[in-house]
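Student: I would like to learn how to read empty space, helices and sheets from a set of coordinates. Can we work through one case together?

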Amino acid sequence: MTTKPHASLKPNSWEFETEALIKPTGFREYDARWWFGHPGSDKAPDLNLYGVQALGAGLGTLIHELGVAPKIVVGHDFRSYSLSVKQALEVGLMSAGIEVHDIGLALSPTAYYAQFDLDIPCVAMVTASHNSNGWTGVKMGANRPLTFGPDEMSRLKEIVLSGSAKTRSGGGYVRQAGVAERYLDDVAKDVAIKRPLKVVAACGNGTAGAFAPQALRAMGVEVVEMDCELDHTFPRYNPNPEDMKMLHAMRDAVLEHGADVGLGFDGDGDRCGVIDNEGEEIFADKIGLMLARDLAPLHLGASFVVDVKSTGLFAIDPVLAEHGCKTDYYKTGHSYIKRRSKELGALAGFEKSGHFFLQPPIGRGYDDGLVAARAVLQMLERNPDKTMADLRRALPMSYGSPTMSPACADEEKYGVVEKIVDEFLRIRADGASVAGRKIVDVNTVNGVRFTLEGGAWGLVRASSNTPNLVVVVESLESHDDTVAIFRAVEEVLKGYPEVGHFDQKI
């Protein structure tokens with residue numbers, strides 16, 4: 001086998017079975033994600049098992065460079081190939097002198113919890129999160145509760161693709177038992193919901209099905225299970241609580257069973273989506289605002305971090321202002337918001353995608369869909385005379401879009417976004433209109449978020465983990481105005497042939 005991995009190899013060949021394949025674009029801003037393929041898929045893989053082994057050796061080398069204890073927690077999600085990917089990663093890690101602590105089938109937050117439970121600094125979770133079958137990836141960290149950011153990912157990419165991983169002695173393997181059970185106990189510890197609540201737990205047949213119903217029942221609520229049977233073919237839809245297909249199925253289940261709330265979890269359990277008792281989908285940024293309002297009187301002067309895809313209501317919310325709370329808008333991405341929340345000493349960080357970063361004393365700082373669900377249930381417990389819909393209606397009115405993702409190749413998306421940023425900056429400088437209003441502010445911390453007269457806004461950025469752009473819009477006036485702003489953004493995107501079809505539209 002050659003030292004450096006290949007960027008492409010023909011499947012079903014001698015070379016594919018004897019050489020390492022790693023497509024460079026799989027190294028993303030804060031984790032790694034590749035098309036691995038599955039039986040019957042007609043798309044050529046971006047990664048093979050020798051490539052995964054090379055990744056593990058590179059990660060082990062980086063861990064030694066970072067000067068932390070050479071021990072790592074490793075887990076895998078429920079897909080047909082995730083165990084073999086994990087074991088190849090572990091071989092590479094051990095070859096680099098790392099002591100591997102394998103926790104087995106796990107949620108990403110289970111792996112993050114295990115870093116604390118086992119007192120181990122590093123983590124590597126094999127998961128493609130909500131990506132469709134055929135994708136794989138690794139979420140990594142070496143400084144709990146944080147995960148890698150661009151600096152660490154760039155160095156890891158350099159080590160792996162240059163073939164400069166170092167072989168060391170001292171590697172080993174420990175199969176850790178009982179972590180899942182202790183994690184479940186920890187999530188439900190000191191939680192006893194007295195209010196009678198019926199909860200739909202939706203898991204999309206992903207890994208969370210083995211965890212969420214048990215944890216929610218331990219908190220004291222009645223659970224209606226929805227697609228909680230593990231099935232890595234994902235027969236109904238990908239487990240993604242930001243996807244309208246899953247949200248609509250949750251809505252139907254909530255209405256059918258007369259539930260108080262619907263809680264949905266993604267493939268690796270680090271995100272949570274919410275449906276209220278009237279069947280309304282509440283996007284996660286609005287749930288974040290509801291939680292912030294609930295927590296503000298208990299933590300006067302608290303700070304919150306939200307991503308640039310999130311509602312503009314945080315900045316003008318009267319309840320947060322009354323309790324001296326501040327909000328910081330920052331880059332989208334679980335690693336970014338997690339890190340920013342810790343840096344600012346924020347009480348919580350929220351992402352529109354459904355990542356919730358609850359800091360001490362509420363959580364440990366990492367994103368955990370079950371901890372987020374716990375916070376929602378405790379909010380309902382503290383408001384016994386209000387339903388989830390009542391709490392939603394108490395928010396100032398706004399009309400937000402779902403996250404929409406037009407296709408754009410990994411090799412092209414960042415260059416395209418740079419041009420789009422420049423175009424919106426020109427529109428503002430020229431005093432031109434977007435959907436009938438002038439741009440009054442442009443935030444370029446992560447793509448371009450432009451704010452119009454009256455407070456409406458739109459966002460275009462590059463996805464950090466898929467070959468797509470990301471588009472979100474919000475109006476404070478009406479749904480029709482939201483559509484008008486989206487049409488204006490769509491018209492701009494039509495000027496870029498690199499941008500393809502949307503996965504969904506309003």
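**Pockets, cavities, a helix and a sheet**

Tutor: Take a pocket to begin with: 26 residues line the second largest pocket, and those nearest its centre are Glu281, Lys286, Ser398, Tyr399 and Gly400. Keep in mind that this is a predicted model.

Student: How is such empty space found, and what is the volume of the second largest pocket?

Tutor: Rolling a probe the size of a water molecule over the atoms shows where empty space is left. Here the second largest pocket holds about 570 Å³.

Student: Which elements each supply at least two residues of its lining?

Tutor: For the second largest pocket these are β11 (281-282), α9, α13 (388-393), β16 (399-400), β21 and α15 (479-493). The largest share, three residues, is from β21. Sorted by class, the lining has eleven nonpolar, six polar and nine charged residues.

Student: What is the volume of the largest pocket, and how do the residues of its lining divide?

Tutor: The largest pocket has about 770 Å³ of space. It is lined by 37 residues, and His130, Asn131, Asn240, Ser405 and Thr466 are the closest to its centre. The lining divides into 19 polar, eleven charged and seven nonpolar residues. Strands β5 (135-141) and β21 (469-475) each give at least two residues to the lining of the largest pocket. Strand β21 also supplies residues to the second largest pocket.

Student: Some space is closed off from the outside. How many cavities of 30 Å³ or more are there?

Tutor: The count is two. The largest cavity has a volume of about 70 Å³, and the second largest has about 30 Å³.

Student: Which residues line each of the two?

Tutor: Around the largest cavity are Pro241, Glu242, Leu247, Cys272, Gly273, Val274, Ile282, Phe283, Ala284, Lys352, Ser353 and Gly354. By class these are seven nonpolar, three polar and two charged residues. Strand β10 (residues 272-276) gives the largest share of that lining, three residues. The second largest cavity is lined by Arg195, Asp260, Asn277, Leu380, Thr387 and Met388, which divide into two nonpolar, two polar and two charged.

Student: Let us turn to helix α9. What should its twelve residues span?

Tutor: An α-helix has 3.6 residues a turn, so residues three or four places apart point the same way. At 1.5 Å a residue, helix α9 (residues 284-295) should span 16 Å, and its end C-alpha atoms are 16 Å apart, which agrees.

Student: Is α9 enclosed by the rest of the structure or left open?

Tutor: Twelve of its twelve residues are buried, so α9 is largely enclosed by the rest of the structure. Buried here means under 20% relative accessible area. Among the buried residues are Lys286, Asp285, Arg293 and Asp294. Lys286 is also one of the residues nearest the centre of the second largest pocket, and Ala284 is in the lining of the largest cavity.

Student: Last, the sheet. What is the order of its six strands?

Tutor: Strands of a sheet pair through backbone hydrogen bonds, either parallel or antiparallel. In this open sheet the order is β1-β5-β4-β2-β3-β6, and the pairing is mixed. β1 (32-35) and β6 (172-175) stand at the edges with a single partner strand each, so one side of each has no neighbour in the sheet. On average, neighbouring strands of this sheet are turned by 20° against each other, direction ignored.

Student: How many bridges join β4 to β5?

Tutor: Four bridges join strand β4 (residues 122-126) to β5, and the two run antiparallel. Alanine 124 is placed opposite methionine 140 in β5.

Note on methods:
Residues numbered from 1 in each chain as written. Predicted model: local features only at pLDDT ≥ 70, side-chain atom pairs only at ≥ 80, totals over all residues. Heavy atoms only, no water. Expected span 1.5 Å × (residues − 1). Buried < 20%, exposed > 50% of the residue type's maximum accessible area, 1.4 Å probe, protein only. 1 Å grid on protein atoms, 1.4 Å probe; cavity = no way out; pocket = protein on both sides within 12 Å on 5 of 7 lines; lining within 4 Å. Points joined across faces, edges and corners; volume = space filled by probe spheres on them. Nonpolar A, V, L, I, M, F, W, Y, C, P; charged D, E, K, R; others polar. Pairing = 2+ DSSP bridges. Axes fitted to C-alpha atoms, helices over the stretch in contact; angles between N-to-C directions.
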